[in-house]
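Ready for a short walk through a structure? Open your viewer, keep the selection tool at hand, and follow along stop by stop.

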Number of protein chains: 2
Amino acid sequence: MTNRLAAWGVTGIPEIRPDDQLGEIIAEACSGEPNGPLVDGDVLVVTQKIVSKAEGRLVAIDASDPVSHKRLVEEEAVRIVRRRGDLIITETTHGFVCANSGVDLSNVERGQAALLPKDSDRSARRIRDIIRARLGVEVGVIVSDTFGRAWRKGLTDVAIGVAGIAGVVDLRGTPDALGRVMQVTEVAVADELASAAELVMGKSSGIPVAVVRGVDAAWLRESSVRELVRPPQEDLFR
Amino acid sequence: MTNRLAAWGVTGIPEIRPDDQLGEIIAEACSGEPNGPLVDGDVLVVTQKIVSKAEGRLVAIDASDPVSHKRLVEEEAVRIVRRRGDLIITETTHGFVCANSGVDLSNVERGQAALLPKDSDRSARRIRDIIRARLGVEVGVIVSDTFGRAWRKGLTDVAIGVAGIAGVVDLRGTPDALGRVMQVTEVAVADELASAAELVMGKSSGIPVAVVRGVDAAWLRESSVRELVRPPQEDLFR
């Protein structure tokens, strides 16, 4: 593992609209960054909201009508995991368990809701490929979203799509500091990178992309967010 | 929020033993760091394992006897949340929901198990106070541990004790980038900081302390890990 990590928010990303070429826009914003150009091995963390907007994953909704929102949440779900009052915890078609199937009314125009991208791994790969083509650097890309957790208060950002960066790094069998074989240490590095990026993006400051530099080179490999999704049959909590 | 964050592992922390003065040891290691001295506003993330060792939270265990481990796990629990085969998910006396009540056999001498600190907020405050006294800087301190999650594979580091750094930052009511009032955004910044720190510590490299620099000054305040613990009666998953 690396001994030093840096993370910063990428400024200068404009409001994203359907059919915008997100990879091109990010490549351009990164080129003009005061923190300097991207380098091989950087990881870009891109929030779901701008990916959904660029991919046109916006639907009309009557925000004053709770039934309209509820219907949309159910349409995006394959399973209702829990329900209490207005809160619905669902399993999405992707296998994510989150509030409201990820249907989001914040930071979108009134009268619209943003749905999760259909395939955020593909979205991440597309951004990675455009960055490679435009800037000649090989980066990892994480599409992140803000999810709640069981048992703990507060939200954290997690990965919902990855390209060129591991979801989970398996340290099972690596000797611990005392030379004993470790029991189980599969670290969700893509989720930890998404959380680190969230700290510099900020929900209300409108910075939807961050760069994380200094990531262990061994983590930069082909992967899929499926590494992070626990299959229902292995899960004790749905 | 800040626009740039840096994190690095603190080298030169020796093997910790019961009755070691952990704050003194960390202060000394930080003074000799190649990354330079601590400054006001830095956040120190200290892994639970060395806090437990310094506080003598070690008990004898026959590692070859599963019953011995199981009994210990049950003693440290106030509630068994789930059980499947050898896996026991419990609620600890602190309110944490985690595997095996946090009882840990890795990175401790054979024949011993490390229990969670009795009060990790107090442990964090003690380290913070010693850093202030020895080095004249005001830092935040997070005691971190590695927990599993419902629904997602892979472990992430979270905060089990805090001093001088918020557990959860409440952004409810802060206008989003389009000027609309946000619905709910309570961000678990202490957990995200613990996760960021984990990326530079590494389970097998024996670096048990990290520094995170560039944390939003508004987050540096008195707090308690209770901000992060969802009370059982509010929790849909136990």
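One idea will help at the first stop: when two helices pack, an angle under 35 degrees counts as roughly parallel, one over 145 as roughly antiparallel, one from 65 to 115 as roughly perpendicular, and the rest as oblique. Keep in mind, too, that this is a predicted model.

**Stop 1: two helices in chain B**

Select residues 22-31 of chain B, which form helix H1, and then residues 120-135 of chain B, which form helix H4. How far apart are their axes, and at what angle do they pack? The axes lie 8 Å apart, and the angle is about 50°. H1(B) and H4(B) are therefore oblique to each other. Turn the view until one helix lies in front of the other: H1(B) passes H4(B) in a right-handed crossing.

Now show the side chains where the two helices meet. From H1(B), pick Leu22(B), Gly23(B), Glu24(B), Ile26(B), Ala27(B) and Ser31(B). From H4(B), add Arg126(B), Ile127(B), Ile130(B), Ile131(B), Arg134(B) and Leu135(B). If you colour this contact by class, you will find seven nonpolar, two polar and three charged residues.

**Stop 2: a sheet in chain B**

Stay in chain B and select strands E4, E5 and E6, which form an open sheet in that order, with antiparallel pairing. Which strands are at the edges? They are E4 (77-84) and E6 (97-99) of chain B, each pairing on one side only. Look along the sheet and you can follow its twist, which averages 25° from one strand to the next.

Next, zoom in on E5(B), residues 87-92, and its neighbour E6(B): three bridges join these antiparallel strands. For one facing pair, click Ile89(B), which stands opposite Ala99(B) in E6(B).

**Stop 3: two domains in chain A**

Move to chain A and give each domain its own colour. Domain 1 covers 6-57 + 117-229, while domain 2 covers 58-116. Their C-alpha centres lie 23 Å apart. Where the domains touch, 13 residues come from domain 1 of chain A and eleven from domain 2 of chain A.

Look at the domain 1 side of this contact. Helix H2 (48-54) and strand E8 (140-147) of chain A each supply at least two residues there. Which element gives the most? H2(A) does, with four residues. By class, this side of domain 1 of chain A has five nonpolar, four polar and four charged residues.

Conventions
Residues numbered from 1 in each chain as written. Chains lettered and ligands numbered in written order. Predicted model: local features only at pLDDT ≥ 70, side-chain atom pairs only at ≥ 80, totals over all residues. Domains from an automatic or database assignment. Contact = placed C-beta atoms within 7 Å. Nonpolar A, V, L, I, M, F, W, Y, C, P; charged D, E, K, R; others polar. Pairing = 2+ DSSP bridges. Axes fitted to C-alpha atoms, helices over the stretch in contact; angles between N-to-C directions. Left-handed = near helix turned anticlockwise from the far one by under 90°.
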